[in-house]
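Load the model and colour the chain by secondary structure. The tour below goes from the whole chain to single residues, one selection at a time.

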Amino acid sequence: MTLDASASSQFVSGLLLSGARYDDGVTVHHDGKSVPSLPHIEMTVETLRDAGAVVDDSEPHTWRVEPSEINALDVVVEPDLSNAAQFLSAALVTGGRVRIPGWPQYTTQGGDALRDILDQMGAEVHLDRDGLTVAAGEAIHGIDVDLHDSSELTPVIAALCAVADGRSIIRGVAHIRGHETDRIAALATELERLGCEVAQTADGLRITPRPLRAARWQTYADHRMVMAGAVLGLVTPGLVVEDVGTVAKTLPTFVTLWDDMLRQGGTPRAGGGR
Ligand SMILES: O=C(O)C1=C[C@@H](OP(=O)(O)O)[C@@H](O)[C@H](O)C1
Ligand SMILES: C=C(OP(=O)(O)O)C(=O)O
């Protein structure tokens, strides 16, 4: 079948994941603007191959899954790297250090882009067999970044941009207006509520940091908005994140993990003191 997957890679992944059990398998051809989040499709293809499916992805924008059995397997599931964004960002905004154990050396996860993004923003980033360690640098630098491949990082990266030392531009994420909520509008509204200067662009956000003030951070039934609000709450006394429970979509233990991290690290100071 031919479809336009420019609004979400998940249309392709969903069809591929079910394709091996169709009588004739499935061939998916994308016709439209660029597909976002390609690493997620690579992950789908790799997972299918691990389970014994035959997948041909040799032609651009086309994926073919042959009909076959899906093998039952014991698999080691990698930690969700995108869900590490807010913990690693906590290190930057508080002037601290956070280690995520089990960070893979090789991965198809788009969230692995965090290593490069946080490095560009001035953090010290170190990957070894014990995991990924991120320590705050002297400052959080504004960034010009294309998040087309890892757009789920946008809310938390936008939160970091709001406390950076200069203006940031996030590009390539027009499609996240169609995610859990219109994330571009939601981030602009909530960051402006805190006092930040934000422009919505055709494919992202332009964020100019300003001193932040306490406010109620709305989360729009969107787990990533909770994660972004939590990061800003570390350095904005009086900030309240609404409906924290909505984070359970991907991280039901978020509040406990967050509290544990803060207990281990002491009380962060407003303004990002070390
Ligand atoms: O396959 C998946 O689990 C996902 C694919 C991506 O979706 P989009 O292609 O809609 O960006 C990503 O943003 C989302 O966080 C999770
Ligand atoms: C479906 C997801 O998408 P997003 O992160 O964009 O909410 C997810 O992360 O599981």
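## The whole chain

This is a predicted model. For its 274 residues a compact globule would have a radius of gyration near 19 Å, and the protein chain, with 20 Å, agrees with that. Show the C-alpha trace and align the view to its principal axes: the trace spans about 60 × 40 × 30 Å. The protein chain holds eight helices and 13 strands. Of the 274 residues, 49% count as buried. Contacts between residues at least 6 apart in sequence join residues at least 24 apart in 65% of cases.

## Stop 1: a four-stranded sheet

Select strands E8, E9, E11 and E10. In that order they form an open sheet of four strands, and the pairing is mixed. The edges are strand E8 (144-146) and strand E10 (197-201), each of which pairs on one side only. On average, neighbouring strands of this sheet are turned by 10 degrees against each other, direction ignored.

Begin at the E8 edge. E8 and E9 run parallel and are joined by three bridges. Here Asp-146 stands opposite Arg-171 of E9. Moving one strand across, E9 pairs with E11 in the antiparallel sense over three bridges. Pick Ile-170 there; its bridge partner in E11 is Leu-205.

End at the other edge. Strand E11 (residues 204-208) and E10 are antiparallel and pair over five bridges. Two pairs to label are Ala-199 with its bridge partner Arg-206 in E11, and Thr-201 with its bridge partner Gly-204, also in E11. The connection from E10 to E11 is a hairpin through two residues.

## Stop 2: the helices on the sheet

Keep the sheet on screen and add two helices.

- Helix H5 (residues 154-161) packs on the sheet, where it touches strand E9 (168-171) and E11; the direction of H5 makes about 170 degrees with that of E9.
- Helix H6 (residues 183-193) also packs on the sheet and touches E10 and E11; the direction of H6 makes about 165 degrees with that of E10.

Now trace the path from E8 through H5 to E9: these three elements make a β-α-β unit, and the unit is right-handed.

## Stop 3: the nonpolar cores

Which residues of the largest nonpolar core touch the most other members? The core has 63 residues, and the ones to select are Leu-88, Ile-157, Ile-170, Leu-191, Ile-207, Trp-217 and Trp-258. Centre on Trp-258 and show its surroundings. Leaving aside neighbours within four places in sequence, Trp-258 is in contact with Gln-86, Phe-87, Ala-90, Ala-230, Val-231 and Leu-234. Another core, of 16 residues, lies apart from the largest one; Val-28, Ile-41, Val-45 and Val-65 are among its members.

## Stop 4: helix H3

Select helix H3 (residues 85-94). The helix is mostly covered, with 10 of its 10 residues buried. Among these buried residues are Gln-86, Ser-89 and Thr-94, as well as Phe-87 and Leu-88. To see what covers them, switch on the elements around H3, which include strand E5 (97-100), helix H4 (114-120), strand E7 (131-135), H5, helix H7 (223-233) and helix H8 (254-265). Just after H3 comes Gly-95, and its phi is positive, near 75 degrees.

## Stop 5: two loop residues

Go to Thr-181, in the loop between E9 and H6. Is Thr-181 buried or exposed? Thr-181 is buried, because its relative accessible area is 16% and the cut-off is under 20%. Not counting residues up to four places away in sequence, Thr-181 touches Ile-176, Ala-186, Tyr-220 and Asp-222.

The last selection is Ser-6, in the loop between strand E1 (2-3) and helix H1 (10-19). With a relative accessible area of 18%, Ser-6 is buried as well. Show the residues that Ser-6 touches, not counting those up to four places away in sequence: His-30, Lys-33, Ser-34, Val-35, Pro-36 and His-175. To relate this place to the previous stop, draw a distance from Ser-6 to Phe-87. These two residues are 81 residues apart along the chain, and their C-alpha atoms are separated by 30 Å.

Terms used. Residues are numbered from 1 along each chain as its sequence is written. Chains are lettered from A and ligands numbered from 1 in the order in which they are written. This is a predicted model: local features need pLDDT of at least 70, side-chain atom pairs count only at pLDDT 80 or more; totals for chains, interfaces and linings use all residues. Side-chain values use heavy atoms; hydrogens and water are left out. Two strands pair if DSSP finds at least two bridges between them. Axes are lines fitted to C-alpha atoms, for helices over the stretch in contact, and angles run from 0 to 180 degrees between N-to-C directions. Contact means heavy atoms within 4.5 Å. A nonpolar core is a set of buried Ala, Val, Leu, Ile, Met, Phe, Trp, Tyr and Cys residues joined through side-chain atoms within 4.5 Å. Buried means under 20% relative accessible area, exposed over 50%, partly exposed in between (1.4 Å probe, protein chains only). A crossover is right-handed if, with the strands pointing away from the viewer, the path from the first strand over the helix to the second runs clockwise. The radius of gyration is taken over C-alpha atoms; the globule rule is 2.2 Å times the number of residues to the power 0.38.
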